[in-house]
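Here is a quick tour of one protein chain, written for someone who likes to check the contacts. Keep the viewer open while you read.

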Amino acid sequence: MIKTGIFGGSFNPIHNGHIALAKHILSLAGLDEIWFVVSPQNPFKSTDSDLLADHFRLELTRLALADKPHLVANDYEFHLPKPSYMWHTLQAMSYDYPNRTFTLLIGADNWMRFSHWYHADDIIAHYPIVIYPRQGAPIDTATLPPSVHLINTPLYNISSTEIRRRIRTGTPVDTLLPPSILRKVQKYYHSNTKFSS
């Protein structure tokens, strides 16, 4: 069985923090691969959101990971009914990829509100969960279910929100992004004309 981590997110855009974090998790959690599952646009969110269109975010994620062994861009949720609930994603993946076992990777901030996730108890019962630290989200490991583990990864002080802000204000983002996507990120996020499907 191929041990596969599911790292879901909008990746709006993907950045060096995402990639460095995934590399640490890959090693610490004993995984064979990590799939960066790019989440589609939420149809219930306001149309003035600064979420780049799905295909652009997927393109950037693929380019950023092209030379990163065992880290793979994935568009699986693009083909599922919306909104995309992680429980549905994991169930569908398990059916479509019987040669893989899936581990959900989430930040400590998401774990703190995990009880509000759709079918949270079913996810905990059927899939391992690996939590990575996030600033301001302390986790008491004594309270974690047996299938849930906190791993000790560095904190990366990079956010997609900050990258978008910097691009809007003309501030350099060279150190925050892989060189392979730098020019495309600046192009796509510079103008709101790209924020459409």
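What follows covers the helices, the cores and a few backbone oddities of this predicted model.

## Helix α2 and what it packs on

Let's start with α2, which runs over residues 54-65. With twelve residues at 1.5 Å each, the helix should span 16 Å, and its end C-alpha atoms sit 17 Å apart, so the two values agree. Its buried residues are Asp-54, Phe-56, Arg-57, Leu-58, Leu-60, Thr-61, Ala-64 and Leu-65. They pack against two helices and two strands: α1 (16-28), α7 (182-190), β2 (33-38) and β3 (71-74).

Right after the helix, things open up: Ala-66 is in the loop between α2 and β3. With a relative accessible area of 66%, Ala-66 is exposed, since the cut-off is over 50%. Its C-alpha atom is 21 Å from that of Tyr-189, a residue 123 places away along the chain.

## Two partners for α7

How do α2 and α7 sit relative to each other? The axes come within 11 Å and cross at roughly 165°. The pair is therefore roughly antiparallel, as angles over 145 degrees count as such. The crossing itself is left-handed. On the α2 side, the contact uses Phe-56, Arg-57, Glu-59, Leu-60 and Leu-63, while α7 brings in Lys-184, Val-185, Tyr-188 and Tyr-189.

The other partner is α6 (160-169). Here the axes of α6 and α7 come within 9 Å and cross at roughly 75°, which makes α6 roughly perpendicular to α7. Ile-163, Arg-164 and Ile-167 of α6 meet Val-185, Gln-186, Tyr-189 and His-190 of α7. Val-185 and Tyr-189 turn up in the α2 contact and again in the α6 contact.

## The cores

The largest nonpolar core holds 36 residues, and the ones with the most contacts inside it are Phe-7, Ile-14, Ile-25, Ile-34, Phe-36 and Val-185. Elements giving two or more residues to this core are α1, β2, α2, β3, β5 (129-132), α6 and α7. Apart from it lies another core, of 25 residues, with Ile-6, Met-86, Trp-87 and Phe-102 among them. As a general point, nonpolar side chains in soluble globular proteins tend to be buried together.

For a close-up, pick Ile-34. Leaving out residues up to four places away in sequence, Ile-34 touches Gly-5, Phe-7, Ala-22, Ile-25, Leu-26, His-70, Leu-71, Val-72 and Leu-105.

## Around α3

Helix α3 covers residues 86-96, and its buried residues are Met-86, Trp-87, Thr-89, Leu-90, Ala-92 and Met-93. Their cover includes β1 (2-9), β2, β3, β4 (100-107) and α5 (120-126).

In the loop between β3 and α3 you'll find Tyr-85. At 35% relative accessibility, Tyr-85 counts as partly exposed. Its C-alpha atom is 9.9 Å from that of Ser-39, although the two are 46 residues apart along the chain.

## Backbone oddities

Which peptide bonds should you check for cis geometry? One goes from Asn-12 to Pro-13, with omega near 5°; Pro-13 is in the loop between β1 and α1. Another goes from Lys-82 to Pro-83, with omega near 0°, and Pro-83 lies in the loop between β3 and α3.

Positive phi values also show up at non-glycine residues. His-70 has a phi of about 75° and sits in the loop between α2 and β3, where it is partly exposed at 46%. His-119 has a phi of about 55°, lies in the loop between α4 (108-112) and α5, and is partly exposed at 33%.

Notes:
Residues numbered from 1 in each chain as written. Predicted model: local features only at pLDDT ≥ 70, side-chain atom pairs only at ≥ 80, totals over all residues. Heavy atoms only, no water. Helix = DSSP H or I, 4+ residues; strand = E, 2+ residues; numbered from the N terminus. Expected span 1.5 Å × (residues − 1). Buried < 20%, exposed > 50% of the residue type's maximum accessible area, 1.4 Å probe, protein only. Contact = heavy atoms within 4.5 Å. Core = buried A, V, L, I, M, F, W, Y, C linked by side-chain atoms within 4.5 Å. Axes fitted to C-alpha atoms, helices over the stretch in contact; angles between N-to-C directions. Parallel < 35°, antiparallel > 145°, perpendicular 65-115°, else oblique. Left-handed = near helix turned anticlockwise from the far one by under 90°.
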